[in-house]
Amino acid sequence: MSLRDFPEQEPVVGLLQKSLSAGRLAHAYLFSGDDLAEMEALARTLAKVLNCIHPPRSANGQPLDCCDTCLNCRRIESGNHPDVQWVRPESKLRVITIEQVRDLIQIISLKPTE
């Protein structure tokens with residue numbers, strides 16, 4: 001999936017593409033909503049955009065979307081990219097625990113694999 005595959009999320013996609021085009025992406029994004037599958041797909045697509053080998057680019061050279069065909073895009077889509085980490089609520093309360101955040105901090109403090 002690419003960003004254009006989320007027409008119902010047009011305001012969010014527009015904001016992300018504007019930030020990507022300006023080269024001013026925030027350090028973190030929290031995706032929330034009622035449709036967990038759609039939120040995860042959008043987050044996965046953003047990860048693909050940021051790691052894509054051959055992304056479509058804006059006039060100033062910034063990536064705007066993912067190609068969806070390169071090795072990085074395929075690995076992220078299948079959940080096998082070593083540099084993309086996911087944090088999901090583990091309980092029925094849909095809460096991300098402090099321990100999960102501590103584990104994530106430990107992992108992201110390491111150098112990227114690729």
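## Exercises on helix packing and the largest pocket

H2 and H3 are roughly antiparallel to each other, and the exercises below, which concern a predicted model, begin with this pair.

**Exercise 1.** Work out why H2 and H3 are described as roughly antiparallel to each other, and find which residues make their contact.

*Solution.* Begin with the geometry: the axes of H2 and helix H3, which covers residues 71-78, cross at roughly 155° and come within 9 Å. Next, apply the cut-off, by which angles over 145 degrees count as roughly antiparallel; H2 and H3 are therefore given that description. The crossing of these two helices is right-handed. On the H2 side the contact is made by Arg-44, Ala-47, Lys-48 and Asn-51, while H3 brings Asn-72, Cys-73, Ile-76 and Glu-77. Sorted by class, this contact of H2 with H3 has three nonpolar, two polar and three charged residues.

**Exercise 2.** Determine how H1 and H2 are oriented to each other, and sort the residues of their contact by class.

*Solution.* First take the angle, which is about 15° for the packing of helix H1 (residues 10-22) with helix H2 (residues 36-51), the axes lying 12 Å apart. Angles under 35 degrees count as roughly parallel, and H1 and H2 are therefore roughly parallel to each other. Their crossing is right-handed. Then list the partners: H1 contributes Val-12, Val-13, Leu-16 and Leu-20, and H2 contributes Leu-42, Leu-46, Val-49 and Leu-50. The division by class gives eight nonpolar residues, with no polar and no charged ones, in the contact of H1 with H2.

**Exercise 3.** Describe the largest pocket by its volume, its lining and the helix that gives the most to that lining.

*Solution.* Start with the volume, since the largest pocket holds about 1,400 Å³ of space. Its lining consists of 35 residues, and those nearest the centre are Tyr-29, Gln-85, Trp-86, Val-87 and Leu-104. The elements that supply two or more lining residues are H2 and helix H4 (98-108), and H2 gives the most, with eight residues. Finally, divide the lining by class, which yields 23 nonpolar, six polar and six charged residues.

Notes: Residues numbered from 1 in each chain as written. Predicted model: local features only at pLDDT ≥ 70, side-chain atom pairs only at ≥ 80, totals over all residues. Heavy atoms only, no water. Axes fitted to C-alpha atoms, helices over the stretch in contact; angles between N-to-C directions. Helix = DSSP H or I, 4+ residues; strand = E, 2+ residues; numbered from the N terminus. Parallel < 35°, antiparallel > 145°, perpendicular 65-115°, else oblique. Left-handed = near helix turned anticlockwise from the far one by under 90°. Contact = heavy atoms within 4.5 Å. Nonpolar A, V, L, I, M, F, W, Y, C, P; charged D, E, K, R; others polar. 1 Å grid on protein atoms, 1.4 Å probe; cavity = no way out; pocket = protein on both sides within 12 Å on 5 of 7 lines; lining within 4 Å. Points joined across faces, edges and corners; volume = space filled by probe spheres on them.
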